[in-house]
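Q: Could you take a close look at the salt bridges in this one and walk me through them? I'd like the partners, how open each one is to solvent, and anything they tie together.

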Amino acid sequence: MSDLHADAGAQAGGTKGQSIPVATSFEGLREAQGKLLAAPRSGLSRRVIYLTLQAIFNAILIGFMAKVMIGLINFFTNLCFYGRFSVAPAAPTNEVMGWLTVLMPVAGGLVVGLMARYGSPGIRGHGIPEAMERILTGRSKVPPILTFLKPLSAAVSIGSGGPFGAEGPIISTGGALGSLAGQIMRITDNERKIMLAAGAAAGMTAIFGSPLASVLLAVELLLFEFSPRSLIPVTLSCATADVMHFILFEQTPIFAMPAIPESSSLALTVYMLMGLVVGVVSAFVSKSVYWVEDLFSKTRIHWMWWPPIGAIVVGVIGYFAPVTMGVGYDNIRELLSGQLGVSMMLTLFLLKYISWFISLGTGTSGGTLAPLFTIGGGLGALMGYGLMHLFPALSLAMPICALVGMAAMFAGATRALLTSIVFVVETTGQLHGLLPVLGACTAAYTVSFFLMKGTILTEKIERRGIHSPDTYEPDILQRVLVKDVIGEATNVLSAYNTIADAKAWIKNNISAASMSCFVVVDAREQFVGIVHRKDIFSHTYPPDTLLANLVQKGACAVLPNDPLSVVVDAMDECQTDVVPVLDPVSKEVIGLITYQNIVAAYHKRREEESLFRRTLWLKRKGIQIVLKGRELLGWERERMKKSSTRTDVQSSE
């Protein structure tokens, strides 16, 4: 260019960074500039309303599905143990069928094995690990057939005497229905995850009438996040399912128990120690399930035959102790009443445990919550009974002991701490049980971390190389601001130059050699857009083409107070590895953010969280600084006089 052009360019486009010489003028430069600032992707939008309405509709359907499933369980229970066609509530017994009672769980296990082999293997187990796996690796897509096969297989398994609860299958069914709706709807993978979690939480609420605990279960085990976009659909879905529970089932707490007194400080300490013991047992209980699964996997027997083989133990134990078979919600209520004898406590703890872990380890369809509550409640009641007889002065209450054992077992086995605490309060309606349960669950939860790498819910998927999140921390990129990591605007081009000018400048600029995108500014140093390196070096455009004609329309920029997450969104939206930072007032380009800046900031923040620092020093020097400017104390004046005298002597010498 001529000297005139160079002088004009220096007046028009001398950016704060480094740019190539600019031409004198360009008319209509910013007429198609488009969006300048990258608006943060908010967790709240009209799509949240859209998802919430669908989640509410799904919750209504799930409420009816829960009612149908309970009816199916009652139907198969009446058919297998009473020889009648009825949906009236019934519990397994050996009084009608006699020794044939042993064969009923075996027949049910055979049917479940056939359904899994020729229907879908996804019906095996209690359902929550499978839902977690779909969320973590399968983009929350659950096969539609599970919406129908899971409740049917669970009804057959439980109705024929399987020692499981109905909550696991209906949670899985609700999640499958939510996923099915999410696959039909035009939504993102993350929104489909929300639909799955909302359906699963609605299923738990429909059975137990525990909306708050169900929301926490979704957060701790399925969502792995805590944001408005997920909480609103899940919460309103649970609220709707709770209404369905009141309409279709009952309006009183499902595990209603007598009023319990407030616990003394000594009793609270004992309950917490009981939680430690239950936490150790919960680790053993969880590991035993997968010990059985490993044992069967080493055999040459096809997994289709595992459920009927495991059901032999269920049938034998059930013949001598029918209370170990079926859903067992009545057993939990009796434990919480504090009126059971030692033999019944031992049966519900030990025999129920043996029957359950062998059956679940063989892959039978059924839930884990009710069995864990029964086993934990029986253990808590036994410990309370022993302590009350050995140390009467402890003033323990048998119902609280059972309640503590029930909640601590669930907290230790699943590590769903908040869910465990809130669940027992919601399902019993006893606020006085909150403090004992809080201490016991926290103790069991702590012990579980030392004794188990995974949980009863995550061990299965972790063996397949799928790791579920165990911490829920705020996004680091949302806590670091652009102004803290802003880089100088060194690779800035002028919209008034030609492609030939840009090529020459890039070839002679070392820092620009590795850049795939460049920021383009106008004569006032204001942002125009992004131009890609491939377009500059493309043979599509003549060498005298102005860069303004190559600028990407609708390009995004950020402000100094934006978080780095906004920069990542801008890079994704504009398909660029560099984003300009604009002055909030003048809109001038004051710096650039590259992906190297983001990675460096991320690692720096992670390292800062692992550094141990002392920010307050209590040494004498620090105290003297704090006291500086105040009236000196007596001992300080004496010390300064001696120091002054010593200095004068040295000076005279």
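A: Let's start with K534 and D535, whose side chains meet in a salt bridge at 3.5 Å, N to O. Bear in mind that this is a predicted model. The two partners sit in contrasting surroundings: K534 is exposed, with a relative accessible area of 59%, while D535 is buried at 18%. The D535 value counts as buried because the cut-off is under 20% relative accessible area.

There's also a network here: K193, E225 and R229 are joined into one by salt bridges that share partners. Within that group, the side chains of E225 and R229 pair up at 3.3 Å, N to O. E225 is the buried partner, with a relative accessible area of 13%, whereas R229 is partly exposed at 34%.

Overall, the count comes to six salt bridges. Another of them is between the side chains of R47 and E191, with N to O at 2.7 Å. Since R47 belongs to helix α2 and E191 to helix α7, this pair ties together parts that lie 144 residues apart in sequence. As for solvent, R47 is partly exposed, with a relative accessible area of 35%, and E191 counts as buried at 10% relative accessibility.

That pair is a good way into the helix packing around it. In general, two packed helices are described by the angle between their axes and the distance between the axes. For helix α2 (residues 46–82) and helix α7 (residues 189–208), the axes come within 8 Å and cross at roughly 35 degrees. The crossing of α2 past α7 is right-handed.

Who actually touches whom? On the α2 side, the contact takes in R47, L51, Q54, A55, N58, A59, I62, G63, A66 and I70. Facing them from α7 are E191, M195, A198, G199, A202, G203, A206 and I207. Sort the residues of this contact by type and you get 11 nonpolar, five polar and two charged. R47 and E191 are the charged ones, because Arg and Glu both count as charged. Glycines such as G63 in α2, along with G199 and G203 in α7, go into the polar group, because Gly is counted there.

So, to pull the α2–α7 part together: the contact has 11 nonpolar residues, and the R47–E191 salt bridge links the two helices because one partner lies in each of them.

Conventions:
Residues are numbered from 1 along each chain as its sequence is written. This is a predicted model: local features need pLDDT of at least 70, side-chain atom pairs count only at pLDDT 80 or more; totals for chains, interfaces and linings use all residues. Side-chain values use heavy atoms; hydrogens and water are left out. Axes are lines fitted to C-alpha atoms, for helices over the stretch in contact, and angles run from 0 to 180 degrees between N-to-C directions. Helices (H or I, at least four residues) and strands (E, at least two) are DSSP runs, numbered from the N terminus. A crossing is left-handed if the near helix is turned anticlockwise from the far one by less than a right angle, and right-handed if clockwise. Contact means heavy atoms within 4.5 Å. A salt bridge is a side-chain nitrogen of Lys or Arg within 4 Å of a carboxyl oxygen of Asp or Glu. Buried means under 20% relative accessible area, exposed over 50%, partly exposed in between (1.4 Å probe, protein chains only).
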